[in-house]
Each structure stands twice: as structure tokens, then as C-alpha cells.
Amino acid sequence: MNFLSFVAISMVNTQMIPFMTSIGYDVIQRGYILAANSIVAIAGQFLFGYLCDRFSQMKKFFFLAYTILFISGILMFLKTEQFFIYHLLTIAVMGGMVKVIMGLNETWMLELDPENYGKLRAWGALGLTAGSPLAGFLVRRYSYISLMITLIAVSLFLYGLIMYSPDVKKESRERISLSSIQDLIKNLRYVWLVIIYLLIYMVGTADQYVVIDKMLDIGASNGLVGIKWALQSFMEVPLFLVASKILDRFKPGTLLFFGTFMYGIKFLLYGISYEGWMVTATAALQLVTLPIVMLTSKVMIKEITPQKLQSSAQMFAMAVFIGVSGLITPLITSYLSENIGYDHTLYGVAAFTLLPLALIFLYLKTSKKGLAK
């Protein structure tokens, strides 16, 4: 189920920007639509998280969330001429539900089989690896109609697997509440970390949007865009498989600093690239960027929050640094791309990594001295 759900996600998500470009939306219009994705994602994460806690089950709400994703994805591709309000709504719902589904899937795996979470998450990455080039091939060789037909077939299999998958009981899971958020905000180290990860995710989000825009601008095909997504997803697999060993050998703070530094190198190389294959090759640096940042966020937030607030701490943090970055980054990068070009925008993103690097350094330094409490 995990593999197929990520295949379906990648088929719609990786073709979102190429589809909008193909029907004539400019970079500013795409920026507004992508920002709307994040509004839906933030609301959806809180809503479905609450529903799963309220009714102490996940399977039926995963089924509901995927159905919303499936219908909005089909509707998105049905209209192949510009109709801004229509595509704003359909793409915003589809893109937002992608993040909701990924969050529900990850939580389901973690609670159902925590010992094998790394291996299960690796299967998800392989699903993204398979779905991305498949979508690019179908669009390039046939049309978006063929992509919709394939999505329907994959979804039918997935619905069958969902029906027969074991549910998880969430009776003891803590619900995020206003009081728990207030307690977390009083924890200065927690707030500091959330700000750091927000800044890092603002950088990482540009990889999903402005990098794809540049690829299309320099003549890359939908197929190559799919391969780029597939390569990035595949490069996440090794780290997830050896996550525990890496954490045993290196401190989370050191890993976070390294992963953020490599983000700067990655975007510098994106800016230098002048062929689609060069951008795709640079995407292989995903191995030492996003997976490391994701892994350290779980560990470092857990280290500084009390047991009773663990669940709330993770949920609120993810809503901020994933949701807010997805809202802000498309608006900023679309404006910059329109006015200074894709290359200089990517150089600016690379330079921006200096800010979270400085904050990480100060966080680690003050933590050792016992100043950041």
C-alpha cells in the first residue's frame, strides 16, 4: 500500500508545474496557485490529524483524504486551457492533499510498525522513484488523458489494499491543543529550532518549484522532469535504511549543519547548470540534504520537549516549517524569477542558506553553554 500510494502521489505532483506551464500560466500565476496549496495543506493536516485522534482510527480518514486527492487530480488534468479560478481550486486541493496523504502515511507506518519504519519509508521513496518517470513518459508519449487513466488504475488497486490493511488504534495519542502550543512557544529552544527548520524548508521548497521552472525554461521535457523527481526520491532510500547507524555515529546538530551546507552547494550548482541533464544530475545531492534534515528534525525536537508534549511538538513544528515554507517560497521565488531570472534566483536561494547555518551554529554553541533554555 505504501509503495502504490507514493506512486499515485508522484504521478500528479511531479506533473503539476509542467501541466500549468503547458497551458500558459506564467510564473506569477503559478506562484499564487502553489501558495494556495500550502493553505490547504496546513488546514488539512490539522483537520485530518484531529479526526484521526477524535475517532481513534486512521484507515477511513486515509481513504477519505486519498479520494479527495484522486478526484481533484483528475479534475486538474481535465481542463487543458486556462481557467485560473478552476485550476486555483483544483490544484490547490490536489497539492495540499499530497502533503496530507504523505503525513498520514508516515504516521500510519510509524505507529503500525515503528521498528521497521525506515524500511517502510524507503518503500515510499521507491514509489516516488517509480511514479515520477512513469508520469513523464505517459505525458510525453501519449497525453495527460493517458496519465489520468493510469492514475485511475493505480487508485483502484490502492483502494483494495487500503480495505485489507490493518488499522491503528490511537487511543493514547495526545491531541494538539491551544494550551500545548502555548507551552511549546514558551520553550525558547523549541521556537529557535522551528525557525531554523522553517528557513531550511524554505530553501528545500524552492527545489520543487523554481528548479522545475528553470528546467522547463531551458528546454527540458516532461520526461526529464520526471526523471529528476525519480532520482531525488531514489537518493533518499539509502539514508532511511541506515538512519539508526548514522545517528549512532554523528550528532544530530552536526548532521543538520552539514545537510544545510549541502543545500547551499546544491542550489549553487542548480544556478550554474545550463542543460536539463545538469540540473537532474545535481538533484542526486538529495542524498545529503532533505533526508538528513527530516531525520534530525524528529530527533532534535524530541530532545528538547517534555514527554507529554512530544506529539504536539512534532505536529505543530511540521505545520509551521512545511506549511509556511510552502506558502512563502512560491510567492517570493516567482516574483524574483520574473524580475531577475531563474539563475540569479537560485544563487539567492543558495546564499540564503547562510542564515540558517548561522542560527544552527549559535544554537549549538549556546546549548553547550546552557544558555538556550
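Which residue forms a salt bridge with Asp 207, the closest N and O atoms being 2.8 Å apart? In this predicted model, the partner is Lys 266. The two residues come from distant parts of the chain: Asp 207 sits in the loop between α9 and α10, Lys 266 is in helix α13, and 59 residues separate them. Both ends of this bridge are buried.

Stay with Asp 207 for a moment, as there's another contact to look at. Lys 228 also forms a salt bridge with Asp 207, and here the closest N and O atoms are 2.7 Å apart. Lys 228 belongs to helix α11 (residues 222-241), while Asp 207 is in the loop between α9 (188-206) and α10 (210-217), so this pair ties together parts that lie 21 residues apart in sequence. How hidden are these two? Buried means under 20% relative accessible area, so Lys 228, at 0%, counts as buried. Asp 207 has a relative accessible area of 4%, so it is buried too. Put the two contacts together and you get a network of salt bridges linking Asp 207, Lys 228 and Lys 266.

Searching the whole structure turns up five salt bridges. One more is worth a visit: Lys 214 pairs with Asp 343, with the closest N and O atoms 2.6 Å apart. Since Lys 214 lies in helix α10 and Asp 343 in helix α17 (residues 342-352), the pair ties together parts that are 129 residues apart in sequence. The two ends have unlike surroundings: Lys 214 is buried, with a relative accessible area of 2%, whereas Asp 343 is partly exposed, at 32%.

That brings us to α17 itself. Its buried residues are Tyr 342, Thr 345, Leu 346, Val 349 and Ala 350. If you look down the axis of α17, these buried residues fall within an arc of 145 degrees, so they line one face of the helix. The spacing makes sense in light of helix geometry: an α-helix has 3.6 residues a turn, so residues three or four places apart point the same way.

Now go back to α10, which has a part in another feature. The structure holds one cavity of 30 Å³ or more, and the largest cavity has a volume of about 50 Å³. Its lining consists of Val 27, Arg 30, Gly 31, Leu 34, Tyr 209, Val 210, Asp 213, Pro 330, Thr 333 and Ser 334. The elements that give two or more residues to this lining are α3 (27-55), α10 and α16 (310-340). Of these, α3 gives the most, with four residues.

Finally, turn to the surface. Where does α13, the helix of Lys 266, show up again? Phe 257, Phe 261, Phe 361 and Leu 362 form a nonpolar patch on the surface, with about 370 Å² of accessible area together. The elements giving two or more residues to this patch are α13 (252-272) and α18 (354-369). Phe 257 lies in helix α13, and its relative accessible area is 33%, so this residue is partly exposed. Helix α13 therefore carries the buried Lys 266 as well as the partly exposed Phe 257.

How values were computed. Residues numbered from 1 in each chain as written. Predicted model: local features only at pLDDT ≥ 70, side-chain atom pairs only at ≥ 80, totals over all residues. Heavy atoms only, no water. Patch = residues over 30% accessible without salt bridge, like charges linked within 9 Å, V, L, I, M, F, W, Y side chains within 5 Å. Areas by Shrake-Rupley, 256 points an atom, 1.4 Å probe, with all protein chains shown as cover. Salt bridge = Lys/Arg side-chain N within 4 Å of Asp/Glu carboxyl O. Buried < 20%, exposed > 50% of the residue type's maximum accessible area, 1.4 Å probe, protein only. Arc of directions from axis to C-beta. 1 Å grid on protein atoms, 1.4 Å probe; cavity = no way out; pocket = protein on both sides within 12 Å on 5 of 7 lines; lining within 4 Å. Points joined across faces, edges and corners; volume = space filled by probe spheres on them.
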